[in-house]
Amino acid sequence: LGVACKKETEEPGTPSATPSELILGKWFGDEQSVMVSITGAGPLDTSFTQTTSTSWMRLTFNSDGTGQIDSLGLDADILTWTIQNNDLLVLDGTDTLMITKLNSTNLDLSVTEMDDSNAPILIEYDQTIKFTK
């Protein structure tokens with residue numbers, strides 16, 4: 001005969017943290033992956049992925065909607081941020097990134113762009129940037 005218990009991680013009735021609360025603080029770069037896919041070029045259609053370390057990157061989010069991105073304290077750029085629909089991070093009012101993972105220790109952002117300026121050739125870029133606390 002066995003007895004099983006489940007430990008409560010939050011007090012009953014306590015709301016969980018919102019994305020705007022979870023994102024606050026200093027995040028350190030982990031890795032960046034870029035997948036490029038070229039279609040419409042016939043036999044030259046191709047796709048590839050490149051992954052690189054971003055351990056030099058630091059990203060800070062302040063509770064007043066400001067923050068900064070820098071290279072471990074050097075070359076700091078000030079930014080503004082908002083979260084829309086709980087899964088879109090808007091930086092400086094112009095750059096929108098999808099939040100694919102956000103918890104107390106991990107932040108994963110992604111963006112997809114299409115370039116059809118050389119029609120009928122289509123180039124698709126899928127970029128993912130991972131951060132840790």
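Leucine 89 stands opposite leucine 97 in E7, and E6 and E7 pair in the antiparallel sense over 4 bridges, where pairing requires that DSSP finds at least two bridges between two strands. Strands (E, at least two residues) are DSSP runs, numbered from the N terminus. This is a predicted model, in which local features need pLDDT of at least 70 and side-chain atom pairs count only at pLDDT 80 or more, while totals for chains, interfaces and linings use all residues. Residues are numbered from 1 along each chain as its sequence is written, and side-chain values use heavy atoms, with hydrogens and water left out.

On the E5 side, threonine 82 stands opposite valine 90 in E6, and the two hairpins are set out below.

| Hairpin | Bridges and sense | Residues between strands | Positive phi |
|---|---|---|---|
| E5 and E6 | 4, antiparallel | 3 | asparagine 85, near 55° |
| E6 and E7 | 4, antiparallel | 3 | aspartate 92, about 55° |

Leucine 89 is also among the residues with the most contacts inside the largest nonpolar core, which has 18 residues; such a core is a set of buried Ala, Val, Leu, Ile, Met, Phe, Trp, Tyr and Cys residues joined through side-chain atoms within 4.5 Å. Strands E6 (88–91) and E7 (95–102) are among those that each supply at least two residues of this core.

Aspartate 70, found in strand E4 (residues 66–71), counts as buried because its relative accessibility is 3%, buried meaning under 20% relative accessible area with a 1.4 Å probe and protein chains only. Leaving aside residues up to four places away in sequence, aspartate 70 touches Trp56, Met57, Arg58, Asp75 and Ala76, contact meaning heavy atoms within 4.5 Å.

Notes
Buried < 20%, exposed > 50% of the residue type's maximum accessible area, 1.4 Å probe, protein only.
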